[in-house]
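Please look through the sequence and the structure below before reading on. The paragraphs that follow go through a ligand site and then through several places where helices pack together.

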Amino acid sequence: MADIIKLLPDHVANQIAAGEVVQRPASVVKELLENSIDAGAANVKLIVKDGGRTLVQVVDDGSGMTQTDARLSFERHATSKIASAEDLFNLHTKGFRGEALASIAAIAHVELLSRTLEAEVGTHIRIEGSEVVAQEVVATPKGTSIAVKNLFFNIPARRNFLKSDQVELRHIIDEFQRVALAHPMVAFKMYNNGSEYFNLPQEGLRQRIVHIFGGKMKERLVPVSEETEVVTITGFVCKPEFSRKSRGEQFFFTNHRFVKSPYLHHAVVSAFEGLLKPDTHPGYFLNLEVDPQSIDINIHPTKTEVKFDDEHTLYAILRAAVKHSLGQFHIAPLLDFERDQNLDTPYQYRNKEAQSPTITVDASFNPFQEGNLSTTAKNYKASSNVENWKDLYDFGDITLPDTNMLQVESDAASPEVFENEDEPLMLHQATFQLQRKYVVSTVKSGLLVINQHRAHQRILFERFLAEITVKKGIVQQLLFPKTLTFPASEIAVLQSFKEELSGLGFDLMFQSGETLTVNGAPNGLPEAKIAGVLEDLLGSYTEEKTLEGHFSQTEWLSKTLCRSLAIKTGQHLSPEMQTALVNDLFACKEPKLSPFQKTIYVIIGENEIANKF
Ligand code: ADP
Ligand code: MG
């Protein structure tokens, strides 16, 4: 048999290597920014177009490269950062593989400009798919500019695999923030499609966090600092009351490199034990300075995983340091997380004498005798004041049904719903609230128990979906426009949803920078809740998986909004609200399941009840 093994040509080898280094535009951003840091830059500028698909450019004022180095830098395994295997154990740079530029050049159009301080002129190189198409001498400022255009131009499968510009941009912002947080002493700017997203001067970590995540961070940060033989910890944790539902702001840096470590994450979370609201996550920005010899950052190609020699000790030190900070700043005793404002005294009851509750039970009462419970519906309808609310529990008051009333009410409900083929829901319109969590009513076949929170989620979800699609949300203009501040990057995110939001009834005006003016909000959304709703939206947006899932943006937006706006467990519902809830629910397309696939109601059959006696 003839010999069949061939050496792959360089450009093919580079393309294969690129698959590991460059998953998406954000990978390019990371590599270029890290190269600028390694080159000792004091100012770094990132310019992005169309989520990085069209352009990713990084301009720095670092060391620059000589003409020879500039040309060599695109060769595989060409690096100035290590010379021998031993150097691997004493790394002070981000890069060391000498792979990034070669890989990027294999799958994009790359343009480099670079000049060292000493040289009078610089170098200009153009490479397309590993092929040098131009090299010349040019006048250029000291430092380096690398522009990466048309990423994956020669690998259509990869290019098609990219997500929407918005999603790619989100990944880029994540990488940018990681590098910027790890190096507060370097000034960074970022632009996307011509607008400025970040402008971060040289500063300390606290200011850097505030610049990136907005002024609201100022009051939230608690400093952490601990110096031991194995590790020096510096940075901040967020006060527990500002913990978020999404896992947004969690950053570990070892020796100024962003790393992920589920184990150390656990150490931080455990230091917060007992201080966090359920299902929320603490924010943190922590630098762990360790001896480079005691870590191995080489175990993962994209280098975010890290392996420490002595993880157990690190865990203990970190946990103790965070606990100490939380204690020192008197965070712990001030908290009262159990308090739910929905459980506060209803307005009508304030300043009223407390009365001992009375419940009289009519032993002969049969709830399934035609018409019996319906009478309470009459009581609800007759008046909405609190006295009638008490009647709910006072079965002794039951009188004969008013048939006229029943007629009117069942007309109000959408008839086809109650003639639903799987459950003939002959709703008798009598409702009451159980444990401020369920709305209970009767149907032909038994007792209907509706989870109020989930029901309202479903109602809002379907309404929002419709409103966004046909843009018919009713705007309620605010008397005094409200100005909100968010970090510029979040403003940009909101701006990208402007159309959908206006479909819902948001009238938003975007100025430059960190402010946003709300002129109007969806009808029925209390003014005090506007900021919270937008924050929830941004939080959920950060959890990128929601956007990358199979459902559409409209659906995602509706889900997020219905989650934050639906009435909660613990909220008292007036009889009118209960009736409306039931009617609206059964007017929905899918009344059985909440948008999050949870059961909305159950029917406890007559037999089931009878069996209990
Ligand atoms: P690595 O960073 O692993 O060494 P890269 O492929 O990222 O590999 O870069 C190759 C070499 O090019 C670097 O070692 C460095 O000498 C040079 N280089 C890359 N970017 C810059 C820059 N912005 N400024 C100066 N030199 C750079
Ligand atoms: Mg590099």
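**The ligand site and three helix pairs**

In this predicted model, an oxygen atom of ligand 1 has a polar side-chain atom of Lys81 at a distance of 2.7 Å. Lys81 is also one of the residues that come nearest to ligand 1, together with Asn35, Thr79, Ser80 and Gly98, out of the 19 residues that surround this ligand. For Asn35, an N or O atom of the side chain is 2.8 Å from an oxygen atom of ligand 1, whereas the side chain of Asp60 places an N or O atom 2.9 Å from a nitrogen atom of the ligand.

From the ligand one can turn to helix α2, which spans residues 25-38 and packs against helix α6, residues 165-182, with the two axes 8 Å apart and at an angle of about 20°. Because angles under 35 degrees count as roughly parallel, α2 and α6 are described as roughly parallel to each other. The crossing in which α2 passes α6 is right-handed. On the α2 side the residues involved are Pro25, Ala26, Val29, Lys30, Leu33 and Ile37, and these meet Glu168, His171, Ile172, Glu175, Phe176 and Val179 of α6. Sorted by class, this contact between α2 and α6 comprises 8 nonpolar residues, 1 polar residue and 3 charged residues.

A second pair is formed by helix α8, residues 262-271, and helix α9, residues 311-328, whose axes come within 8 Å and cross at roughly 30°. It follows from this angle that α8 and α9 are roughly parallel to each other, and their crossing is right-handed. From α8, the contact draws on Tyr263, Leu264, His266, Ala267, Val268, Ser270 and Ala271, while α9 contributes Glu311, His312, Leu314, Tyr315, Leu318, Arg319, Val322, Lys323 and Leu326. By class, the contact of α8 with α9 holds 10 nonpolar, 3 polar and 3 charged residues.

The last pair to consider consists of helix α15, residues 488-496, and helix α17, residues 530-542, the axes of which come within 11 Å and cross at roughly 95°. Since angles of 65 to 115 degrees count as roughly perpendicular, α15 is therefore roughly perpendicular to α17. Here Glu490, Val493 and Leu494 of α15 meet Leu534, Leu537, Leu538 and Tyr541 of α17, and by class this contact has 6 nonpolar residues, no polar residues and 1 charged residue.

Technical notes
Residues are numbered from 1 along each chain as its sequence is written. Chains are lettered from A and ligands numbered from 1 in the order in which they are written. This is a predicted model: local features need pLDDT of at least 70, side-chain atom pairs count only at pLDDT 80 or more; totals for chains, interfaces and linings use all residues. Side-chain values use heavy atoms; hydrogens and water are left out. Axes are lines fitted to C-alpha atoms, for helices over the stretch in contact, and angles run from 0 to 180 degrees between N-to-C directions. Helices (H or I, at least four residues) and strands (E, at least two) are DSSP runs, numbered from the N terminus. Angles under 35 degrees count as roughly parallel, over 145 as roughly antiparallel, 65 to 115 as roughly perpendicular and the rest as oblique. A crossing is left-handed if the near helix is turned anticlockwise from the far one by less than a right angle, and right-handed if clockwise. Contact means heavy atoms within 4.5 Å. Ala, Val, Leu, Ile, Met, Phe, Trp, Tyr, Cys and Pro count as nonpolar, Asp, Glu, Lys and Arg as charged, and the others, Gly among them, as polar. A residue is near a molecule or strand if one of its heavy atoms lies within 4 Å of it. A polar contact is a pair of N or O atoms within 3.5 Å; within protein, one must be able to donate a hydrogen and the other to accept it, and residues adjacent in sequence count only if both atoms are side-chain atoms.
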